[in-house]
Amino acid sequence: MVIPGAMDRARHNRGLRLGKAMPSFVQFLQRSGVYAAQSFMIVPRRGFNLVCLRDSKDVGLSYDRDRLQVDDVRLEDVERVALEYISFRYGKQKSQERADQLLRLRTALFATARPEGFARTIAFRFLRHLDQSRKVINATKWTPDDVPWFLTRLNWTFGAQANIFFTLADATWFTVQKALGPKISRDAFRKDIVPHKQRGADLTCFLVGDYDATATEAAGEYLPDEQVFVVVDQGNPPVFDYGEAFIGVMAHEIGHFLHHKRNIPGSGHHDRGGILLSSGMESLSLDKELVGDFTAW
Ligand SMILES: [Zn+2]
């Protein structure tokens, strides 16, 4: 029995055939008897398998009910099933490999049964203010047209690695009728800019051109009491590589937001070089500590 989009755990004996073509089984762990582009899987006698049936909408399964038991794995079952499966394959004894596989399996299972709660809404606000001659000017080189690219990069960073997805609340220009100067002060940010945040969104990102960030942040800032952050146009080239200086700072500040949402104390900075939020060189990579910190499991 298959509920569309659900996962199936087949226990005991022999194969399982599909009533209709052409969905395919995808294995959750290596060497589990399922291969890409096949419409069947192998379940050893007295064994079990854990697979996702992709494109299973409106598909009926036919199989020998005396010899095969099929269970759906629902969101609330993920933790129990993942532990059961890992304990079966790796035993109860704790090890690095067992812990890694458990995290991988959990992430894969949650990604299949994506809970809406892991989607966050984000708004983008682009500053216009006055120059010395009281003319309205754009403070940032970025525009709402850049937002689809921001979201794609953010979802490849947080969605693909931690199953946290961002959807757009909205992206608009706003105007402050003051000459705020070429570098926005922290005071002016709080007083004149933050009130323009999108109140319905989980998070608002402000693009303001340049900003007087603190020494430890350098190129942006997240305000936990307001759930907003700011990123300078140039990003932070000394800290990020490969053309990721701007999107890297955006991801860094969002990392602070995700920490804050989990009520984890401290700044969230760490000393694991090359990983997002590192005090040294950073990248868009998350390690398993970060994935654990960012997510509720
Ligand atoms: Zn930081």
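This report describes the fold, the nonpolar cores, a set of paired strands, a helix crossing and two individual residues of a predicted model.

## Overall composition

The chain holds six helices and 14 strands. Of its 297 residues, 33% are buried. Among contacts with a separation of 6 or more, 63% join residues that lie 24 or more positions apart.

## Nonpolar cores

The largest nonpolar core has 49 residues, and those touching the most other members are Cys205, Leu207, Val208, Val231 and Met250. Helix H5, which spans residues 245-261, gives the most to this core, contributing eight residues. Another core lies apart from this one; it has 16 residues, including Leu50, Cys52, Leu53 and Tyr85.

The surroundings of Val208 can be listed individually. When residues up to four places away in sequence are not counted, valine 208 touches Leu127, Ala139, Thr140, Ile184, Ile193 and Val230.

## Strand S14 and its partners

Strand S14 covers residues 228-231, and both of its faces are covered. Val228 and Val230 lie on one side, Phe229 and Val231 on the other, and all four are buried. In a regular strand, side chains alternate between the two faces of the sheet.

S14 pairs with strand S11 (residues 203-207) in the parallel sense, over four bridges. In this pairing, phenylalanine 206 stands opposite valine 230 of S14. Strand S13 (residues 220-223) also pairs with S14, in the antiparallel sense and over four bridges. Here leucine 223 is the residue opposite valine 228 of S14. S13 and S14 form a hairpin with four residues between the strands, in which glutamine 227 takes a positive phi near 55°.

## Crossing of helices H3 and H5

Helix H5 also meets helix H3 (residues 147-162): their axes come within 11 Å and cross at roughly 55°. An angle of this size falls outside the parallel, antiparallel and perpendicular ranges, so H3 and H5 are oblique to each other. The crossing in which H3 passes H5 is right-handed.

The residues that meet at this crossing are Phe150, Arg153, Leu154 and Thr157 from H3, and Ile247, Met250, Ala251 and Ile254 from H5. Met250 is also one of the residues that touch the most other members of the largest nonpolar core.

## Asparagine 138 and lysine 178

Asparagine 138 is found in strand S8, which comprises residues 136-138. This residue is partly exposed because 15 other C-beta atoms lie within 10 Å, a count between the limits of 12 for exposed and 20 for buried residues. The C-alpha atom of asparagine 138 is separated by 9.6 Å from that of phenylalanine 174, although the two residues are 36 residues apart along the chain.

Lysine 178 is found in the loop between strand S9 (165-175) and strand S10 (183-184). With 12 other C-beta atoms within 10 Å, lysine 178 meets the limit of 12 or fewer and is therefore exposed. Leaving aside neighbours within four places in sequence, lysine 178 is in contact with His129, Leu130 and Asp192. A separation of 8.1 Å is found between the C-alpha atoms of lysine 178 and aspartate 131, which are 47 residues apart along the chain.

Technical notes
Residues are numbered from 1 along each chain as its sequence is written. This is a predicted model: local features need pLDDT of at least 70, side-chain atom pairs count only at pLDDT 80 or more; totals for chains, interfaces and linings use all residues. A nonpolar core is a set of buried Ala, Val, Leu, Ile, Met, Phe, Trp, Tyr and Cys residues joined through C-beta atoms within 7 Å. Helices (H or I, at least four residues) and strands (E, at least two) are DSSP runs, numbered from the N terminus. Two residues are in contact if their C-beta atoms, placed from the backbone, lie within 7 Å. Two strands pair if DSSP finds at least two bridges between them. Axes are lines fitted to C-alpha atoms, for helices over the stretch in contact, and angles run from 0 to 180 degrees between N-to-C directions. Angles under 35 degrees count as roughly parallel, over 145 as roughly antiparallel, 65 to 115 as roughly perpendicular and the rest as oblique. A crossing is left-handed if the near helix is turned anticlockwise from the far one by less than a right angle, and right-handed if clockwise.
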